[in-house]
Amino acid sequence: MNKFNMPFVCLALLAPFSASAAVYEFTPYDLSLVYSDKEKVNLAYSSYRYNFNGDYSTSLGGGKTGESFDDTKVYTLGLHKQLTDKIDVSAQLYDPYNLNVSHQEGFYAGTKALVETQSLALTFKYQFNESYSLIAGPTINKTSGNMTINSNIASVSANQTPGSVPSIEADFGSDTALGYIAGASFAIPDIALRASLVFQSKVDHSFNVTETSDIILSNTGGATDTAKSGSDFILPQAIIFDFQTGIAEGTLLTFSAQWREWSDQVISSSVAGELATYEKDAMTYKLGLAKQFSDEAGAYILYIHEEPLEEKVNPLAPNDGYRGIFLAGSYLVDDINLIAAYEYAVAKDVEDDMGTKFEDNVIQGVTFMAEYYF
C-alpha cells in the first residue's frame with residue numbers, strides 16, 4: 001500500500017495552474033479543488049513574462065516586431081465545502097482565456113489584441129462510494145475584447161499598398177454567458193489512483209462591436225468615423241482525461257490529456273472582417289511526478305507538450321504549440337499549505353500569414369498559492 005498525505009496529493013495536482021498556450025487558453029479548470037478530501041479555501045497569484053518576438057520578412061522591410069506579448073498577471077480563487085456525506089461543492093474563479101498581444105516595432109507596430117475571459121465555476125460532486133463519483137455544475141463566463149489593426153496590416157488584408165488603408169480599432173465590449181461542466185471518476189484511494197473524464201461545454205458569446213477608423217469616415221462622407229455591429233463567437237468545448245496513481249511509497253505519477261475544439265471559432269467584425277479563425281483542434285498532454293519528503297514538504301515536476309494548430313499563425317495570436325517544464329514545491333504550516341511554482345516554456349517556431357517568423361521564443365511563469373484548511 002502507498003501512503004499519501006493530503007497536502008502532497010494537492011501539490012501533485014497543481015498542474016492546472018500551469019499556463020496553456022493553445023491560441024489564447026490560459027488557466028485551466030482545477031480538478032484538484034473538486035476532488036479535495038478537505039474543506040478549504042485557496043488563493044493563487046501567477047505572473048507570466050514573455051520573451052517573444054518575430055523577424056519580419058524582407059518584403060515587409062525586415063527587422064524585429066519587438067516584444068509581441070505584454071506580461072500577464074492572473075489571480076485564482078477557490079473554495080471547497082462538504083455539504084453531506086455524499087455531496088461536496090466547489091467554487092472557483094479563474095481566467096481560462098487570456099490573450100494580450102502588442103507588437104512594438106516595424107511593420108506591425110501598434111497592432112494589438114486583448115481578449116480575456118473570467119469564469120466562475122460552481123461544481124457539485126456526488127460520491128456513490130469510495131470508487132465512483134460524478135461531477136456537474138454551471139459556469140458563468142464574462143469575456144471582453146478589443147483589437148487594433150494598424151494601417152499596414154489593414155492594407156495588405158485588403159490587397160492594397162501598405163499604409164493606404166487607415167487603421168481600424170474594434171471594441172467588442174463584454175458579454176456574459178453560461179456553460180456547464182460534467183464528468184465522472186473512478187478511484188482506488190489506497191494507492192491514490194483516480195481516473196477522471198470531464199466535458200466542458202462550449203460558451204456562445206454575442207458582442208456589440210464598436211469600430212473606429214478613418215475608412216468609415218470616408219465611406220460615410222464624413223458623417224461619422226464609428227460603426228456598430230453584432231459579432232458572435234464561441235469559447236470552445238473541451239474533453240479532459242485526468243489520471244493519477246501511486247507508484248511507490250510517497251511517489252505519485254500524473255497524466256492528463258485535453259482536447260479543445262478551436263476549429264469551431266471565428267472572430268470577426270463588420271469593418272475589419274475576419275480577424276481570426278483556426279484550422280484544427282488543440283491537444284495538450286501533461287506528464288508529472290510528485291514526491292513526498294515529509295509530512296510537511298513535497299515537490300512536483302511536470303512536462304507539458306502541446307501540439308500546434310495551424311500551418312500559418314495569425315499576427316493577432318502568433319503563438320501555436322509549445323513544450324515546457326513546471327516545477328513546484330509545498331510546505332504545510334499548521335492548517336496552511338504554501339505552494340510556489342515555476343514554469344519554463346519554449347514556444348514552437350512558427351510563421352504567420354505575412355511571412356513574419358517567430359522563433360526561439362520563451363515564456364516564464366511563477367505561481368504562489370496559499371491553501372487554508374478549515
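How many bridges join β1 to strand β20, and in which sense do the two strands run? In this predicted model, twelve bridges link β1 to β20 (residues 362–373), and the two strands are antiparallel. One of the residue pairs in this ladder brings together N51 and V362, the latter being the bridge partner in β20. Strand β1 also pairs with β2: residues 40–51 and residues 72–82 run in the antiparallel sense over nine bridges. Here K40 of β1 has H80 as its bridge partner in β2. Strand β1 thus has pairings with both β2 and β20.

It is helpful to place these strands in the chain as a whole. The protein chain contains 20 strands and four helices. Its C-alpha trace extends over about 75 × 40 × 35 Å along the principal axes. The radius of gyration is 22 Å, which agrees with the value near 21 Å expected for a compact globule of 374 residues. Of these 374 residues, 53% are buried. Contacts that reach far along the sequence are well represented: when residues at least 6 apart in sequence are considered, 66% of the contacts join residues at least 24 apart.

The surface and the charges complete this overview. The accessible surface of the protein chain amounts to about 16,100 Å², and carbon and sulfur atoms account for 55% of that area. Side chains with a negative charge number 47 and those with a positive charge 22, with the centres of the two sets 5 Å apart.

A second group of paired strands is built around β7. Strand β6 (residues 168–188) and β7 (residues 193–200) are antiparallel and share eight bridges. Within this pairing, I181 stands opposite Q200 of β7. The two strands form a hairpin with four residues between them, and A192 in the turn adopts a positive phi of about 55°. Strand β7 is also joined to β10 (residues 238–248), by seven bridges and again in the antiparallel sense. In this ladder F199 is matched with I239, its bridge partner in β10. As a reminder for reading such ladders in the model, side chains in a regular strand alternate between the two faces of the sheet.

I239 of β10 appears once more in the surroundings of A257. This alanine belongs to strand β11, which covers residues 251–260. Leaving aside residues up to four places away in sequence, A257 touches I239, I240 and F241, together with T284 and Y285. Is A257 buried or exposed? Its relative accessible area is 15%, so A257 counts as buried, since the limit for that class is under 20%. Contact with remote parts of the sequence does not extend to every residue, of course; the C-alpha atoms of A257 and T161, which are 96 residues apart along the chain, are separated by 45 Å.

A113 offers another view of a buried alanine. This residue is found in strand β4, residues 112–127. With a relative accessibility of 1%, A113 is classed as buried. Which residues does A113 touch, not counting those up to four places away in sequence? The partners are L99, N100 and V101, N146 and M147, and finally L316. The C-alpha atom of T148 lies 6.5 Å from that of A113, although the two residues are 35 apart along the chain.

Definitions and conventions
Residues are numbered from 1 along each chain as its sequence is written. This is a predicted model: local features need pLDDT of at least 70, side-chain atom pairs count only at pLDDT 80 or more; totals for chains, interfaces and linings use all residues. Side-chain values use heavy atoms; hydrogens and water are left out. Two strands pair if DSSP finds at least two bridges between them. Buried means under 20% relative accessible area, exposed over 50%, partly exposed in between (1.4 Å probe, protein chains only). Contact means heavy atoms within 4.5 Å. The radius of gyration is taken over C-alpha atoms; the globule rule is 2.2 Å times the number of residues to the power 0.38. Accessible areas come from the Shrake-Rupley method with a 1.4 Å probe; for residues, only the protein chains shown count as cover. Lys and Arg count as positive and Asp and Glu as negative; His and the chain ends are not counted. The place of a charge is taken as NZ of Lys, CZ of Arg, CG of Asp or CD of Glu.
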